[in-house]
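Hi everyone, thanks for making time. I'd like to walk you through a structure today, so let's put it up on the screen.

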Amino acid sequence: MATVELRFSALPEHVRTARLVAAAVARRAGVDEAVLDEVRLAVGEACTRAVGLHLSNGVEAPVRVILTEEEKKFSIEVGDESPTSAALAPGSHPETDDEAEGEDEMGLAVISGLVDDVEVTTSETGGVIRMSWPTSPQPLVS
Amino acid sequence: MDLSLSTRTVDDRTVVEVGGEIDVYTAPKLREQLVELVNDGNYHLVVDMEGVDFLDSTGLGVLVGGLKRVRAHEGSLRLVCNQERILKIFRITGLTKVFPIHTSVEDAVAATD
């Protein structure tokens, strides 16, 4: 079961909320302080991409963020429900203006540059970006 | 935290001081500011990022867009940044080769190609 699950309307103003929640849960899960900036950035990039896909395809469903604390790792899944998610995978060139297309590819470039364990899957019903970070055991609070 | 923007002129350069978070929500404001400056004939820009707490690829896209616009007028866009967490994003995307990045506004204003 997910430690924390978040669903938000696909609007740019909510991406910051997703970043803050993800960083807070990651900190609690024992992700190293030095890595929290990376978690914040990577989840922001994944949510930004999902919001963009929903908005450009008129998908009204919310964007889902699943934060899971596991034994030795903390994982984040960001899922979109855009049917054209697959068509926007890296390497394809949809008909958008140069800047928007560049941003989408740059978002994925940032994620793959930041996160060692990352997996991007796409299907007809949407796409999922899965990322994980190692955690260190936390001392018990007495 | 929201995005704050202020501009001032130093010699023949226009310095844009940016503060707060540049993300998918706030980046359009930065884009508007850069477009407006270029439309008003300011082709040599220095973007001071020392007050920026967060930058994502949307923000990078806006900066690249700004660079394209000033270059169309043979202008320049220089960045001022000393924060490792922001510099890292430029490095992993290869943009350190695209933008001149300076350690101070004085240095950026004095620089020539």
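Before I point at anything, one definition: two strands pair if DSSP finds at least two bridges between them. And please keep in mind that what you see is a predicted model.

With that in hand, look at the end of chain A. Strands E4(A) and E5(A) form a hairpin, and two residues sit between them. The two strands, residues 117-123 and residues 126-134, run antiparallel and are joined by seven bridges. If you want a specific pair to click on, Ser123(A) has Gly126(A) in E5(A) as its bridge partner.

Zooming out a little, chain A has three helices and five strands. Reading from the N terminus, the order of elements is β-α-α-β-β-α-β-β. Of the 142 residues in this chain, 37% are buried. If you take the contacts in chain A with a separation of 6 or more, 67% of them are between residues 24 or more positions apart.

Now to the interior. Where is the largest nonpolar core, and which residues have the most contacts inside it? It has 64 residues, and the best-connected ones are Ala22(A), Ala42(A), Val43(A), Cys47(A), Val65(A), Val78(A) and Val47(B). Helix H2 of chain A, residues 33-57, contributes the largest share, nine residues. As background, nonpolar side chains tend to be buried together in soluble globular proteins. Let me stay with Cys47(A) for a second: apart from neighbours within four places in sequence, Cys47(A) is in contact with Val15(A), Ala18(A), Val63(A), Val65(A) and Val78(A).

Next, where the two chains meet. The contact takes 19 residues from chain A and 15 residues from chain B. On the chain A side, helices H1, H2 and H3 each supply at least two residues. Which helix gives the most to that side? That would be H3(A), with nine residues. Sorted by class, the chain A side has eight nonpolar, five polar and six charged residues.

Over to chain B. Here five strands make an open sheet in the order E1-E2-E3-E4-E5, with mixed pairing. E1 (3-10) and E5 (101-102) of chain B are the edge strands, each pairing on one side only. Inside the sheet, E3 (residues 44-55) and E4 (residues 76-80) of chain B pair in the parallel sense over five bridges, and Val46(B) stands opposite Arg78(B) in E4(B).

One residue I'd like you to find is Glu17(B), in strand E2 of chain B, residues 13-22. Is Glu17(B) buried or exposed? It falls in between: Glu17(B) is partly exposed, because 18 other C-beta atoms lie within 10 Å, and buried would take 20 or more. Leaving out neighbours within four places in sequence, Glu17(B) is in contact with Ser6(B), Asp48(B) and Gly51(B).

Last stop, the helix pair in chain B. The axes of H1 (residues 27-39) and H2 (residues 57-71) of chain B come within 9 Å and cross at roughly 10°. Angles under 35 degrees count as roughly parallel, so H1(B) is roughly parallel to H2(B). Among the residues that meet here are Leu30(B), Leu34(B) and Val38(B) from H1(B), and Val62(B), Gly65(B) and Gly66(B) from H2(B). The residues of this contact divide into seven nonpolar, four polar and two charged.

That's my tour; I'm happy to rotate the view for anyone who wants another look.

Methods
Residues are numbered from 1 along each chain as its sequence is written. Chains are lettered from A and ligands numbered from 1 in the order in which they are written. This is a predicted model: local features need pLDDT of at least 70, side-chain atom pairs count only at pLDDT 80 or more; totals for chains, interfaces and linings use all residues. Axes are lines fitted to C-alpha atoms, for helices over the stretch in contact, and angles run from 0 to 180 degrees between N-to-C directions. Helices (H or I, at least four residues) and strands (E, at least two) are DSSP runs, numbered from the N terminus. Angles under 35 degrees count as roughly parallel, over 145 as roughly antiparallel, 65 to 115 as roughly perpendicular and the rest as oblique. Two residues are in contact if their C-beta atoms, placed from the backbone, lie within 7 Å. Ala, Val, Leu, Ile, Met, Phe, Trp, Tyr, Cys and Pro count as nonpolar, Asp, Glu, Lys and Arg as charged, and the others, Gly among them, as polar. A nonpolar core is a set of buried Ala, Val, Leu, Ile, Met, Phe, Trp, Tyr and Cys residues joined through C-beta atoms within 7 Å. A residue is buried if 20 or more other C-beta atoms lie within 10 Å of its own, exposed if 12 or fewer, and partly exposed in between; C-beta atoms are placed from the backbone.
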